[in-house]
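Me: I would like to learn how to read a protein structure feature by feature. Could you take me through one slowly, giving the general idea before each case?

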Amino acid sequence: MTEKLLQYLWNYKVFSGFDFKTIAGDPVEILDFGKWNTDAGPDFLAGKIKMNGVVFAGNIELHVKSSDWIFHNHSIDPNYRNIILHVVFQHDLEIAELTEQNIPTLELKDHIDTAILWKYEKLISGTQFIPCEHIFDPGKIPVGFHESNVLKKLEEKSAELEQNLVRSKNNFEAVLFHSLAYSFGLKVNAFIFRQIAESIDFTVLNKIRQNRSQLEALLFGMAGWLDRPEDEETKIWQREFNFIRAKFNLSDLKFRPKFSRLRPPNFPTIRLSQLAGLYHEHQNLFSKIIRVKKAEELFELLQDVKASAYWDNRFNFGKSSSVSQPKILTKDFMELIILNTILPLKYTYHKYHREEIADEILRFYQNIPAEKNSVTAGWKTLGMKCHTALESQSLIYHFKHSCEEKNCLHCSIGFKLLKEPSHAR
């Protein structure tokens with residue numbers, strides 16, 4: 001038993017019976033279990049109990065053992081002066097000051113199903129894919145589980161985007177560029193690509209976006225790749241970058257992307273060239289994204305984007321290969337851009353003046369195939385269906401925020417599994 005689990009059971013009233021009696025043998029009726037307090041102070045606020053026909057209102061404190069009252073130094077803390085009930089899993093010590101103040105102690109040991117304790121111990125000590133793997137049942141997934149998870153993720157992403165909007169003086173075009181750069185960088189270079197994007201005043205990008213060579217020169221130069229040209233093309237990019245830097249008084253800072261742990265198609269050279277291609281192809285990219293009503297239209301915006309011809313037979317500067325083919329965006333990469341950048345920004349843009357935007361964005365997720373990775377594969381082995389991005393995004397979000405953190409007590413699935421009757425093993 002842990003104090004966290006005890007609070008959970010009290011909050012959700014998960015007991016085998018409610019014929020409570022204090023350690024003195026007096027019946028006590030819980031009229032209001034109180035509001036769970038996650039800040040400093042008593043565990044449950046504004047509770048109500050009835051004893052001997054008298055109703056008492058105040059706070060309720062929970063401990064695994066009675067002696068924890070002393071170990072936690074509650075005696076000298078003024079926050080605990082309005083306690084009406086001391087709830088413990090096991091009563092191991094008479095607390096003199098509580099007795100003197102006529103504050104009853106309630107022991108819960110005989111009111112808690114031992115199967116719950118066994119399940120919880122299994123959950124927090126497991127090393128498998130998810131803590132509840134051995135008792136997981138896809139049938140216990142709550143109604144609206146996927147929609148709820150994806151909306152939580154959208155709200156989190158939206159909060160980040162709103163902070164970026166404040167910094168960029170509410171320039172959605174600039175924030176889109178920063179967010180796209182982050183996604184094009186993938187995990188290895190996400191933050192570096194964003195630094196490159198944020199170091200460039202978006203008005204500069206707008207002024208040169210019709211010239212693809214200058215766009216690439218700008219991004220490559222800020223990445224620190226043009227100091228020593230490898231061939232004629234890089235010499236051209238170097239001249240273009242030096243011109244742009246002088247004309248627009250660019251910073252001398254360089255942000256050097258990493259190549260390690262990346263497959264050649266994901267090299268930062270290719271991804272920055274593709275990002276330049278995207279902005280060269282679409283002069284009003286943000287406006288186009290906002291107007292889109294179907295997932296297919298988003299894929300159409302991205303399907304012709306590719307790295308410049310220089311990269312057809314290269315992955316790095318000056319090093320050509322015998323195989324030549326355009327470096328286009330794969331379907332998987334387009335899905336990543338749409339799911340992690342475009343849809344959160346559409347949601348953020350519309351959420352304060354279009355009530356239906358949440359349902360509209362969820363429909364986008366429903367019409368995009370599920371991602372394929374180790375997390376979605378793990379869920380599938382447990383019998384979970386994962387056909388759409390709504391399902392995969394939900395399961396990935398839940399895995400990261402609940403399962404990896406072993407936050408089973410605040411998990412909607414864990415709640416159902418813990419409450420389900422079973423026998424301890």
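**Reading salt bridges, cores and helices**

Reply: Let us begin with a single side chain: Glu155 is partly exposed, with a relative accessible area of 35%. Please keep in mind throughout that this is a predicted model.

Me: Which residue does the side chain of Glu155 meet in a salt bridge?

Reply: The general idea is that side chains of opposite charge can pair when their charged atoms come close. Here the side chain of Glu155 meets that of Lys351 in a salt bridge, with 3.3 Å from N to O. Because Glu155 belongs to helix α5 (residues 145–167) while Lys351 sits in the loop between α14 and α15, the pair ties together parts that are 196 residues apart in sequence.

Me: Is Lys351 buried or exposed, and with which other residue does its side chain form a salt bridge?

Reply: Lys351 counts as buried, since its relative accessibility is 18% and the cut-off for buried is under 20%. Its side chain also meets that of Glu162 in a salt bridge, at 3.4 Å from N to O. This second pair again links distant parts of the chain, with Lys351 in the loop between α14 and α15 and Glu162 in helix α5, 189 residues apart. Glu162 counts as partly exposed, at 22% relative accessibility.

Me: How many salt bridges does the structure hold, and which residues are joined into one network?

Reply: There are 7 salt bridges in the structure. One of them brings together the side chains of Arg354 and Glu360, at 2.3 Å from N to O; Arg354 is buried, with a relative accessible area of 15%, and Glu360 is buried as well, with 9%. As for the network, Glu155, Glu162 and Lys351 are joined into one by salt bridges that share partners.

Me: How should I read a helix such as α15, and which of its residues are buried?

Reply: A careful way to read a helix is to list its buried residues and then to look for what covers them. In α15 the buried residues are Ile357, Ala358, Glu360, Ile361, Leu362, Phe364 and Tyr365. Because 7 of the 10 residues of α15 are buried, this helix is largely enclosed by the rest of the structure. The cover over those buried residues includes α5, α13, α14 and α17 (389–403).

Me: Which residues does Leu154 touch, if I leave out those up to four places away in sequence?

Reply: Leu154 lies in helix α5 and counts as buried, at 1% relative accessibility. With those sequence neighbours left out, Leu154 touches Leu343, Pro344, Tyr347, Ile361 and Tyr365. You can also compare positions along the chain and in space: Leu154 and Ala358 are 204 residues apart along the chain, and their C-alpha atoms are separated by 9.1 Å.

Me: Where around the axis of α13 do its buried residues lie?

Reply: First, the residues themselves: in helix α13 (residues 295–302), Ala295, Leu298, Phe299, Leu301 and Leu302 are buried. They cover an arc of only 155° around the axis, and so they lie on the same side of α13. Their cover includes α11 (268–281), α12 (285–291), α14 and α15 (357–366).

Me: Which residues touch the most other members of the largest nonpolar core?

Reply: A core of this kind can be read by asking which members have many partners and which elements supply them. The largest nonpolar core has 80 residues, of which Leu218 and Tyr279 touch the most other members. The largest share of this core, 9 residues, is supplied by helix α14 (residues 331–350). There is also a second, separate core of 26 residues, with Leu9, Val28, Leu106 and Leu409 among them.

Me: What is the phi of Lys169, and what should I compare it with?

Reply: In general, most residues other than glycine have a negative phi. Lys169 is not a glycine, yet its phi is positive, at about 60°. Lys169 is found in the loop between α5 and α6 (172–184) and counts as exposed, at 78% relative accessibility. Arg261, also not a glycine, has a positive phi of about 65°; Arg261 is found in the loop between α10 (232–248) and α11, and counts as exposed at 74% relative accessibility.

Conventions:
Residues numbered from 1 in each chain as written. Predicted model: local features only at pLDDT ≥ 70, side-chain atom pairs only at ≥ 80, totals over all residues. Heavy atoms only, no water. Core = buried A, V, L, I, M, F, W, Y, C linked by side-chain atoms within 4.5 Å. Buried < 20%, exposed > 50% of the residue type's maximum accessible area, 1.4 Å probe, protein only. Helix = DSSP H or I, 4+ residues; strand = E, 2+ residues; numbered from the N terminus. Arc of directions from axis to C-beta. Contact = heavy atoms within 4.5 Å. Salt bridge = Lys/Arg side-chain N within 4 Å of Asp/Glu carboxyl O.
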